[in-house]
Amino acid sequence: MSCIFCRIIGGEIPAQVVARDEVTLAFLDVSPLADGHVLVVPHSHVARLDDLEPGEADALFRTVVRLSGPVRDALGADGSTIGVNNGDATGQTVPHVHVHIVPRWHADGAGSIHSIFPPGAKRGVAEVGDAIRAALEVR
Ligand code: 5GP
Ligand code: ZN
């Protein structure tokens, strides 16, 4: 298996594992954006959140929620930014679902998730709401 996260899950390459259960693994990012930057992954190799089975999705976010307080406490952080690059258009570099938990401090110089986007919604929210509700109905 060539996926780097599958190899970590399989124990083929080392990582600083901080939590493990039957469905998920959490380990430190090798190039942390801040001290305590954790990645939480499902054992199964899928690229996007929406490729997960519902039970895997539940387990993934249970692990994220379970870790968020202890990661903050361990680092003496004031909060955390929790995010997913979901698909290669977003800058996702490893095509195996992973949730980033990045500890944050007041005045740490990093922005909110809003800061990664240029201004620029082009369509009205009512029209977009209709489109999403229609997409949900056809699934
Ligand atoms: P992405 O850009 O796909 O959302 O994030 C991938 C993350 O995986 C990056 O933050 C990167 O530093 C991390 N990463 C890539 N290769 C390895 C590795 O071999 N070990 C660990 N622990 N993290 C990795
Ligand atoms: Zn994988």
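**Panel A. The zinc ion (ligand 2) sits in a tetrahedral site, with angles of 106 to 120 degrees among its 4 donor atoms.** Tetrahedral here means four donors with all angles between 85 and 135 degrees; square planar (four) or octahedral (six) would need opposite donors over 155 degrees apart and all others between 65 and 115, and anything else is irregular. This is a predicted model, where local features need pLDDT of at least 70 and side-chain atom pairs pLDDT 80 or more, while totals for chains, interfaces and linings use all residues. Residues are numbered from 1 along each chain as its sequence is written, chains are lettered from A and ligands numbered from 1 in the order written, and side-chain values use heavy atoms, leaving out hydrogens and water.

Which protein atoms hold the zinc ion (ligand 2)? Look for the SG atoms of Cys3 and Cys6 plus the ND1 atoms of His45 and His96, at 2.0 to 2.3 Å from the ion. (Donors are N, O and S atoms within 2.8 Å of the metal, or 3.2 Å for Na, K and Ca; water is not among the atoms, so sites may look incomplete.) Read along the chain, the donors of this zinc ion are spaced C-x2-C-x38-H-x50-H.

**Panel B. The two zinc-binding histidines, His45 and His96, come from two loops.** His45 is in the loop between strand 3 (38-42) and helix 2 (54-75), and His96 is in the one between strand 4 (79-83) and strand 5 (99-104), so the pair ties together parts that are 51 residues apart in sequence. (Helices, H or I of at least four residues, and strands, E of at least two, are DSSP runs numbered from the N terminus.) Is His96 buried or exposed? With a relative accessibility of 0%, His96 is buried, while His45, at 37%, is partly exposed. (Buried is under 20% relative accessible area, exposed over 50%, partly exposed in between, using a 1.4 Å probe and protein chains only.)

**Panel C. Ligand 1 has 16 residues around it.** The closest of them are Asp29, Asn85, Thr93, His98 and His100. (Being near takes a heavy atom within 4 Å.) Zoom in on the polar side chains: Asp29 puts a polar atom 2.4 Å from an oxygen atom of ligand 1. For His98, the distance from a side-chain N or O atom to a ligand 1 oxygen is 2.8 Å. His100 also has a polar side-chain atom 2.8 Å from an oxygen of ligand 1. (Polar contacts are N or O pairs within 3.5 Å; within protein, one atom must be able to donate a hydrogen and the other to accept it, and sequence neighbours count only through side-chain atoms on both sides.) How much of ligand 1 does the protein cover? On its own ligand 1 has 520 Å² of accessible area, and the protein covers 80% of that. (Areas are Shrake-Rupley values with a 1.4 Å probe; for residues, only the protein chains shown count as cover.)

**Panel D. Phe5 and Phe27 are both buried.** The structure has 1 aromatic pair. In that pair, Phe5 and Phe27 meet edge-to-face, 5.4 Å centre to centre with 70 degrees between the planes. The pair links distant parts of the chain, since Phe5 belongs to helix 1 (residues 4-9) and Phe27 to strand 2 (residues 24-28), 22 residues apart. (Phe, Tyr and Trp rings, the six-membered one for Trp, pair with centres within 6.5 Å; planes under 30 degrees apart are stacked, over 60 edge-to-face, the rest tilted.)

**Panel E. Ala107 has a positive phi of about 60 degrees, though it is not a glycine.** Find Ala107 in the loop between strand 5 and helix 3 (125-137). Ala107 is exposed, at 82% relative accessible area.

**Panel F. Val46 and Asp51 both lie in the loop between strand 3 and helix 2.** Val46 is buried at 17% relative accessibility, whereas Asp51, at 40%, is partly exposed. From Val46 to Glu127 it is 31 Å, C-alpha to C-alpha, across 81 residues of sequence. Asp51 and Ala126 are 28 Å apart by the C-alpha atoms, with a sequence separation of 75 residues.

**Panel G. Val17 is a residue of strand 1 (residues 17-20).** Val17 is partly exposed, at 33%. The C-alpha atoms of Val17 and Leu39 are 9.5 Å apart, and the two are 22 residues apart in sequence. Elsewhere, Gly76 sits in the loop between helix 2 and strand 4 and is partly exposed at 48%. Its C-alpha is 10.0 Å from that of Gly36, 40 residues away in sequence.
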